[in-house]
Amino acid sequence: KNSVKAMEKELVTCSLQGKEKAALKRSQIFQILGGKDLETKVIVVLGKAGMGKSILVQKICQDWSNGEFPQFEFVFWFDCKQISLPEKRYSLKDLLLEFFIKPQEGSKEIFEYILQNPAKVLLVFDGFEGLHDHENSPRCSSSQPEKDLWNIKELLSGLIQKKILNGCTLLLTARPKDKVYQYVSKGDKTIEIVGFSPQQRELYITKYFEGLPYCDNALKLIKECEYLFSHCYSPVMCRFVCFLCETILEMGDKSLPSTLTTVFLKFVQQKIIPMQTDVTAMQNQESLATLARIAWYLGEKHQSAMKSDLLPSKEVKEFALKYGFFLPFAFPRHSDSGEEEFGSTFSGFVIQNFLGALHLMLAEEIKDKSLTKYLSFPSKKKKPYNWLDLVPRFLAGLLFLHDDPYFCSLSNKDVKQSTKKQKTLLKYIRRLQINELCPERLLELLHCIYETQSNYLLQHVALRLKPDLSFLGIVLTPPDVYVLHSILKKSRKEFSLDLRNSSIDMQGLKDLAGLKNVASFRASLSDTVRLWKSLEQTKDYELLRASIEKFVLDPFKAKTMKDITDLSDLVEMQEKMINCVQDASGCSSYEIPAIKNLRKLEFALGPVCGLQGFLKLVEILAAFPSLQHLDLDALSENGIGDEGAESLSEVFPTLKSLETLNLSQNKITDVGAEKLATALPFLSSLKTLSLYNNSICDFGAENLAKVLPAMASLRVLDVQYNKITGVGAQQLTDSLRKCPHIKNLVMWNPTIPYGVLEHLQQLDSRISV
């Protein structure tokens, strides 16, 4: 038991799931509580690719230039993909005063001032997840930051480890990957950008088309294509969808593509076709295939940038820049070097992913049988291609578009070979043990299947889903929810969903809870209560009633004050529900099934909030008529003490179903034991009482001994590791004779002489030592 709780403690320490959803102003980003003033402060901004991390840091730079953040005299912003090529080496001075901005004069004096005033410097590294091994210490000593040369990984490592420019502020943006999570624990503050809400999506689309004659049509068209609208939670995807919608409306079309693959196929088509002639078509095919190969091989190395002179030909370079697949940039120059060097980077992560998938389709050296390894569904380990995490979806989509006329015009592919690859995918998915996939792999599979738009595959997966689907702690984005919803809807099975700590938005929760074949669901309490209040306001009583009936709470573990507050809100909600359910159904009384059926409640707030949280919990305990197991034994020790024990004893008469009460490790003394003993007979169903590792002495043992005969249902009493002596042990043993119903009394205490305890055990074999 203790090892399990120890494991839980580790998970709590490393997990980011304790995060609070809150709107944060840019001005609050650099507000850090505690920490040493003279040490480097590390702020990490996490967000999936395309969430707007780069826009955020650009806005911070703009705010600073307008007089915000006066604590910083210098702000330096670096795009990691442009400075992270392995062959590039920099001194700190090169990086700050050559690459970022070159002062016309006084470089040496400015750099000396920076070294002497690090607290006035903000360094922003945008996209640092691309820098692996940032745990490595710099190889060189930092005694000469003006001259010592490091690659960017070593330099950033030295800054983070406070060996270089200690006292500055570092702002790092990154995609939330495994390596980043390992590192985040060292940060002073972690912020995650979660993307647009449905209302913000609508606002963005309206602003994009503002002033155009088809403004209203555009919003209607995008919202009608629910899958694409769900992808608009990502600002970058929202912009792509708007661009495509604009092009389609200008051409007089009435509908948008239904999958991501067809969206990007259309996107490429709109860029290339209008300017293409028969003469250039073949050349464009070749350039696109070359670009697709570059996208894949750079992606395998977790890169999106390269030196421009490494591009295979002038034609490919011109093609990539002309159609916006590549963006150019300049590398930093060393103060003593000659010519300026240029690089090229893919214009967007989704473009690189789409082109990477296109390469896997077009490359003749990749045979149909080896194609499935790039999908990697069964593996429970980290995805090998997580830098190109959209590739499997695009690949699955392209395999089912092999006879699409536009796809054929992009590639001079042999249709037979494409058909073989499609059959390989079909065979592979048919053989998958879908009901054994972990949640992340299952979601990836659902996305890939959705991209194929194959009714056979959609039905095949829907039939093989297991009835209990847990997404506990897995972030569910709006597109995840959409594909899950669309496939669940096709199944004839009944499902039970666990959506706790999934960051699911209210619309997603409403859609999934509203499915007729979702028989029950668990979700974060605050999200569920918010959904019910929303349904109450919109008078959607039918869905409100259905979602209340399906909601499951048992077992519930309270780990924060927010959990207790949310539970109180749920109980309060029950009072309000009576009225609106009465209006809808004519019932005069109503109990929320989740409240009525809660059987096990664990309380683990720890010593800081333990008593405060427990006193609040006690106020609502009477609302749970079926509560059988109340567990207050937490690894971090709640320490409810005598005040908590007294407060609990007052509600014992209402806990008619309670069978197990665990008050171990709560600093209860004789005072609390006396209060408990007085009320314990009211617990008419109690079978197990644990007071292990408290501070109960002989007076407390005497009070417990007095009430044991009156506790007819009690079978096990645990009072070991208290401060009971031979006197108290004798009183408990004497009382035990009058209690034939008790099966076990666990009584070892360091304060009871061993001989006495052994003697008592010989008198009554029910005593455990």
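Val 45 stands opposite Ile 191 in strand β5, and the model in which this pairing appears is a predicted one. The exercises below start from this pair.

**Exercise on strand β1**

Determine how β1 is paired with β5 and β4, and whether the residues of β1 are buried or exposed.

Solution. Begin with β5, which covers residues 189-192: 4 bridges join this strand to β1, and the two run parallel. Next, consider β4 (residues 169-174), which pairs with β1 over 6 bridges, also in the parallel sense. Within that pairing, Val 42 has Leu 170 of β4 as its bridge partner. Then examine the two faces of β1. Lys 41, Ile 43 and Val 45 lie on one side, Val 42, Val 44 and Leu 46 lie on the other, and all of these are buried. Finally, draw the conclusion: 6 of the 6 residues of β1 (residues 41-46) are buried, so the strand is largely enclosed by the rest of the structure.

**Exercise on Ser 234**

Locate Ser 234, decide whether Ser 234 is buried or exposed, and state which residues outside its sequence neighbourhood Ser 234 contacts.

Solution. The position comes first: Ser 234 belongs to the loop that runs between α10 (226-231) and α11 (235-250). The relative accessibility of Ser 234 is 4%. Buried means under 20%, and therefore Ser 234 counts as buried. Lastly, once neighbours within four places in sequence are set aside, the contacts of Ser 234 are with Ala 49, Gly 50 and Met 51.

**Exercise on strand β11**

Establish which way β10 and β11 run relative to each other, and explain why β11 is described as largely enclosed.

Solution. The link between β10 (residues 495-498) and β11 consists of 4 bridges, and the strands run parallel. One position illustrates the pairing: Ser 496 is opposite Ser 520 in β11. As for enclosure, β11 spans residues 518-522 and 4 of its 5 residues are buried, so the rest of the structure largely encloses this strand.

**Exercise on two helix pairs**

Classify the packing of α19 with α20 and of α12 with α16, and describe the residues that make each contact.

Solution. Two packed helices are described by the angle between their axes and the distance between the axes. For α19 (residues 439-452) and α20 (residues 455-464), the angle is about 155 degrees and the axes are 8 Å apart. This value makes α19 roughly antiparallel to α20. The crossing of α19 past α20 is left-handed. On the α19 side the contact involves Leu 445, Leu 446, Ile 449, Tyr 450 and Thr 452, which meet Leu 457, Leu 458 and Val 461 of α20. By class, these residues comprise 7 nonpolar, 1 polar and no charged.

For α12 (residues 260-272) and α16 (residues 391-399), the angle is about 80 degrees, with the axes 8 Å apart. These helices are therefore roughly perpendicular to each other. Leu 260, Thr 261, Phe 264 and Leu 265 of α12 make the contact with Arg 393, Phe 394, Gly 397 and Leu 398 of α16. Their classes are 5 nonpolar, 2 polar and 1 charged.

**Exercise on the open sheet**

Give the strand order of the open sheet of 8 strands and identify its edges.

Solution. The order is β12-β13-β14-β15-β16-β17-β18-β19, with parallel pairing. The edges are β12 (556-558) and β19 (767-768), each of which pairs on one side only. As an example from the sheet, β17 (residues 716-718) and β18 (residues 744-746) pair in the parallel sense over 3 bridges, and Leu 717 has Leu 745 of β18 as its bridge partner.

Note on methods
Residues are numbered from 1 along each chain as its sequence is written. This is a predicted model: local features need pLDDT of at least 70, side-chain atom pairs count only at pLDDT 80 or more; totals for chains, interfaces and linings use all residues. Side-chain values use heavy atoms; hydrogens and water are left out. Axes are lines fitted to C-alpha atoms, for helices over the stretch in contact, and angles run from 0 to 180 degrees between N-to-C directions. Angles under 35 degrees count as roughly parallel, over 145 as roughly antiparallel, 65 to 115 as roughly perpendicular and the rest as oblique. A crossing is left-handed if the near helix is turned anticlockwise from the far one by less than a right angle, and right-handed if clockwise. Contact means heavy atoms within 4.5 Å. Ala, Val, Leu, Ile, Met, Phe, Trp, Tyr, Cys and Pro count as nonpolar, Asp, Glu, Lys and Arg as charged, and the others, Gly among them, as polar. Buried means under 20% relative accessible area, exposed over 50%, partly exposed in between (1.4 Å probe, protein chains only). Two strands pair if DSSP finds at least two bridges between them.
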